[in-house]
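Work through the exercises below with the sequence and the 3D structure at hand. Each task is followed by its solution in steps.

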Amino acid sequence: MKSKITLAKEFKIGNIDKRIYGSFIEHLGRAVYGGIYEPNHPLADEDGFRTDVIELVKELNVPIVRYPGGNFVSGYNWEDGVGPVENRPKRLDLAWGTTEPNTFGTNEFMKWCRKANTDCMMAVNLGTRGAEEARNLVEYMNHRGNSAWADLRKSHGYNDPWGVKLWCLGNEMDGAWQMGAKTAIDYGKLANEASKMMKWTDNTIETVLCGSSSRNSPTFGEWEAKSLEIAYDNIDYVSLHQYYENRAGDTPSFLAKTLELEEFIYSVICVCDYVKAKKRTKKTINLSFDEWNVWYHSDNAPYERWSYAPARLEDIYNFEDALLIGSMLITFLRHADRIKIACLAQLVNVIAPIFTKNGGGIFKQTIFYPFEHVSNFGRGVALNPIVDCPKYDCKEFTDVPYIDSIATFDEENEELTVFAVNKSQEEGAELSINLMDFEGYKPFEFISMDGYDKNDENSFEASPVHPHKNALPEMDGNIMTANVKPFSWNVVRLRRS
């Protein structure tokens, strides 16, 4: 299969905001307890944080982590998770049917963020609580001077403010499963007042308005339009959430889901710009894709209701999941001009790239690697390649390109990276890449994941699915030829010689 890719510096989509490589930790299952926090683990540090988890988070180079939810946040009293641990109450978490001990809370998470070299994207409860509690939390976290909530933080041993700059105004507030679910108008009014008061408390923060809980939500589109019309002037981003599954075992349709993802992103951009035009404002609302992943392997796994940190939503990912994750990341970069934040949901154990055993080991899931590559090498600006390749039809989609590709250009370090997924299960591809005005750029690393069955998985016992290095692509003038295997994830890195 012959395919052509044309690249030029002028094909700039936009600057890549590093927060597009964010992730998510919710008080759900073993994400916190047994994930990032396990005081009795042999590798726990003085704060009870698993150091093996921290090391893998650093490998992923995650710049921001959303916390503490998720559905959990819509019933969370943040005051329960601060102060002396022995005084913190145990609560029933109605979101997930478990008992929350509150031994790990806001300050513990912020300390973990510092150790993991990441920042916090804090969510406030706009389900069972409101604007007052939200602005109190901003004061507790960010105010340096003397005030009731800042003084409370100081009495807890944290004299310096944490300085959290990015805040979620609730979570999936259109969903009937959400505690305190609301109509678009009711939510828009509450989010507007909460954001206004939060910014009055700290005028350096940014806020994210909840969009529809998914593209398939009956409220989709209308929810965004109505809530944005109310809150537009006081918020900075609108959120998107999307998970994909392959219960039918239809791999060609599964890997084509990024076409649906493209349409979802484009639709939300159109709604944002419609409200912008209607309000006759110069302000542009950008996107926060703060929940995304493959999620279906562990649905309906049994657990004991009201138990403490049960194993929940612990998907074990296979190789085809990794290819879709790679394509989803490519899609986000294709919209780097408007998507400024994205959070792989979640980070540890719960539908996550990192998987741990209580008291035991750790392993990298198949989806770990495409995320690691794009997070580490996909910096600078996103370039829109012109891709000429064969296409296929499948049960759910038509005209699906076999080759999905994006390029990133780090001008400061004079590095160019080409990411590509070959979705064909049978044919390899000869990629002829015209580098046009990238004179003097030569490949120095070619990484791929290929040769695996679509159902291959990693585990504590063995991790057969992992990337490997290949012979460098050949150069003929400004034409680079890279041969990629069938059903593969590929990364070609170039620098100016």
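**Exercise 1. Decide whether R50 is buried or exposed, and place it in the chain.**

Step 1. R50 has a relative accessible area of 0%, so R50 is buried; buried means under 20% relative accessible area, exposed over 50% and partly exposed in between, with a 1.4 Å probe and protein chains only.
Step 2. R50 lies in the loop between β3 (22-24) and α1 (51-60). Helices (H or I, at least four residues) and strands (E, at least two) are DSSP runs, numbered from the N terminus.
Step 3. The C-alpha atoms of R50 and K391 are separated by 45 Å, and the two residues are 341 apart along the chain.

A note on the source: this is a predicted model, in which local features need pLDDT of at least 70 and side-chain atom pairs count only at pLDDT 80 or more, while totals for chains, interfaces and linings use all residues. Residues are numbered from 1 along each chain as its sequence is written, and side-chain values use heavy atoms, with hydrogens and water left out.

**Exercise 2. Describe the two faces of strand β1 and find which strands pair with β1.**

Step 1. Side chains alternate along β1 (residues 2-6): S3 and I5 point to one face and are buried, while K2, K4 and T6 point to the other and are not.
Step 2. β1 runs parallel to strand β21 (residues 429-434), joined by five bridges; two strands pair if DSSP finds at least two bridges between them. In β21, E430 stands opposite K2.
Step 3. With strand β16 (residues 386-388), β1 pairs in the antiparallel sense over three bridges. Here I386 is the bridge partner of T6.

**Exercise 3. Characterise the aromatic pairs F368–Y369 and F419–W489.**

Step 1. A pair of aromatic rings is described by the distance of the centres and the angle of the planes. Rings of Phe, Tyr and Trp (its six-membered ring) pair if their centres lie within 6.5 Å; planes under 30 degrees apart count as stacked, over 60 as edge-to-face and the rest as tilted.
Step 2. The structure holds 29 aromatic pairs. In one of them, the ring centres of F368 and Y369 are 5.6 Å apart and the planes stand at 70°, so the pair is edge-to-face.
Step 3. F368, at 0% relative accessibility, counts as buried, and Y369 counts as buried at 8%.
Step 4. F419 and W489 form a stacked pair, with 6.0 Å centre to centre and 20° between the planes. This pair links distant parts of the chain, 70 residues apart: F419 is in strand β20 (residues 415-422) and W489 in strand β26 (residues 488-496). Both F419 and W489 are buried.

**Exercise 4. Find the ring under the charged end of K9 and the ring under R30.**

Step 1. A charge sits over a ring if NZ of Lys or CZ of Arg is within 6 Å of the ring centre and within 35 degrees of the ring normal.
Step 2. The charged end of K9 sits over the ring of F438, 5.5 Å from its centre.
Step 3. R30 lies over the face of F355, at 5.6 Å from the ring centre.

**Exercise 5. List the ring cluster that contains Y33.**

Step 1. Ring pairs link Y33 with Y37, F49, Y67, F104, F109, W112 and Y308 into a cluster.
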